[in-house]
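Open your viewer, keep the selection box handy, and follow along one stop at a time. Each stop says what to select and what you will find there.

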Amino acid sequence: MSERQGTTAKILLVDDRAANLVALEAILGSLNETLVRAGSGEDALRALLHDDFALILLDAQMPGMDGFETATRIKARERTKDVPIIFLTANDFDTHLAYRGYATGAADFLAKPFDPWLLRAKVQVFVDLWHASRKLSTQADLLRRSLDQRATQPGRVDVDVVTDLRSRLAGVEEAVAELDTGGDIGLGGDARRRLGKRLEDLRQALDALG
């Protein structure tokens, strides 16, 4: 999967029951990422003010501010609108509620009690996507440096930088291809299109450098 960038992905776990949070931590601990607890929708919104998260696991049916309202507020904020949300739901979760969840921007649903392997596998997909996106951001910074150099010194581009970018981009494209073969745990359609567009733009920019 994707090469790590020296930092862990932060995953926000939102559930009003402490026992459920403990269970989630036990299941996801082997991923070696940073797990952050929130005991309510309000706590989740506060956490999102201070940290950037790769993924949110959100209990749909909480007292007070439920998961739907919490998700709506998350998606309304510019800083957090693109953070994927997996709703955790009860077994009697009906089609109407599922539609309501997708309308708020949910990436997926898992019914309790969920299969630990399936939950971990789904979370791994989004974590790998987050790491791949970080690699793209690093590559974009390198590309901007090369373009700035071309603007100030026409005809001269740092060949080593461009070569390095091509190599890094190939690695990200390979990682995304692996994510996209995950079947039921593969990359969501919207997320795949967004990342694919960024890859295409970066590839075209590199080709323009020659």
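Start with Glu25, which is partly exposed at 25% relative accessibility. Keep in mind as you go that this is a predicted model.

**Stop 1: Glu25 and its partner**

With Glu25 selected, add Arg37: the two form a salt bridge, and their closest N and O atoms are 2.9 Å apart. Glu25 sits in helix α1 while Arg37 belongs to strand β2 (residues 34–38), so this pair ties together parts that are 12 residues apart in sequence. Arg37 is partly exposed too, with a relative accessible area of 40%.

Before leaving this part of the chain, select Asn32, which is found in the loop between α1 and β2. What is notable about the phi of Asn32? The angle is near 60°, a positive value in a residue other than glycine. With a relative accessible area of 59%, Asn32 is exposed.

**Stop 2: the sheet**

Now show the strands as a cartoon. Five strands make an open sheet in the order β2-β1-β3-β4-β5, with parallel pairing. At the edges are β2 and β5, each of which pairs on one side only. Neighbouring strands in this sheet are turned by 20° against each other on average, direction ignored.

For a closer look at one pairing, select β1 together with strand β3 (residues 55–59): they pair in the parallel sense over four bridges. Leu12 is a handy landmark here, as Leu12 stands opposite Ile56 in β3.

**Stop 3: two helices on the strands**

Select α2 next. This helix lies across β1, β2 and β3, and runs at about 160° to β1. Then add helix α3 (residues 67–76), which lies across β3 and β4 (85–89) and runs at about 175° to β4.

How do α2 and α3 sit relative to each other? Their axes come within 9 Å and cross at roughly 20°. Angles under 35 degrees count as roughly parallel, and α2 and α3 are therefore roughly parallel to each other. The crossing of the α2 and α3 helices is right-handed.

To see the contact itself, show side chains for Gly41, Ala44, Leu45 and Leu48 in α2; these meet Thr70, Arg73 and Ile74 in α3.

Two more selections belong to this stop. Within helix α2 (residues 41–50), pick Asp43 and Arg46, which are three residues apart, about one turn of the helix. Their side chains meet in a salt bridge, at 2.4 Å from N to O. Both ends are partly exposed: Asp43 at 30% relative accessibility, and Arg46 with a relative accessible area of 47%.

Over in helix α3, select Thr72. Thr72 counts as partly exposed at 45% relative accessibility. Now add Thr104: the C-alpha atoms of Thr72 and Thr104 are separated by 5.4 Å, although their positions lie 32 residues apart along the chain.

**Stop 4: Asp15 and Lys112**

Next, select Asp15. Is Asp15 buried or exposed? Asp15 counts as buried, at 1% relative accessibility. Its salt-bridge partner to add is Lys112, with the closest N and O atoms of Asp15 and Lys112 3.1 Å apart. Asp15 lies in the loop between β1 (10–14) and α1 (18–28), and Lys112 in the loop between β5 (108–111) and α5 (116–152), so the pair ties together parts that are 97 residues apart in sequence. Unlike buried Asp15, Lys112 is partly exposed, with a relative accessible area of 21%.

Add Asp59 to the selection as well, since Asp15, Asp59 and Lys112 are linked in a network of salt bridges. As a reminder of the chemistry, side chains of opposite charge can pair when their charged atoms come close.

Stay with Lys112 for one last backbone detail. A cis peptide bond joins Lys112 and Pro113, with omega at about -10°. Pro113 lies in the loop between β5 and α5.

**Last stop: the whole set of pairs**

Finally, zoom out and show every salt bridge. How many are there? Counting a side-chain nitrogen of Lys or Arg within 4 Å of a carboxyl oxygen of Asp or Glu, the model has 10 salt bridges. Among them are the pairs Glu25 with Arg37, Asp43 with Arg46 and Asp15 with Lys112.

Key: Residues are numbered from 1 along each chain as its sequence is written. This is a predicted model: local features need pLDDT of at least 70, side-chain atom pairs count only at pLDDT 80 or more; totals for chains, interfaces and linings use all residues. Side-chain values use heavy atoms; hydrogens and water are left out. Buried means under 20% relative accessible area, exposed over 50%, partly exposed in between (1.4 Å probe, protein chains only). Two strands pair if DSSP finds at least two bridges between them. Axes are lines fitted to C-alpha atoms, for helices over the stretch in contact, and angles run from 0 to 180 degrees between N-to-C directions. Contact means heavy atoms within 4.5 Å. Angles under 35 degrees count as roughly parallel, over 145 as roughly antiparallel, 65 to 115 as roughly perpendicular and the rest as oblique. A crossing is left-handed if the near helix is turned anticlockwise from the far one by less than a right angle, and right-handed if clockwise.
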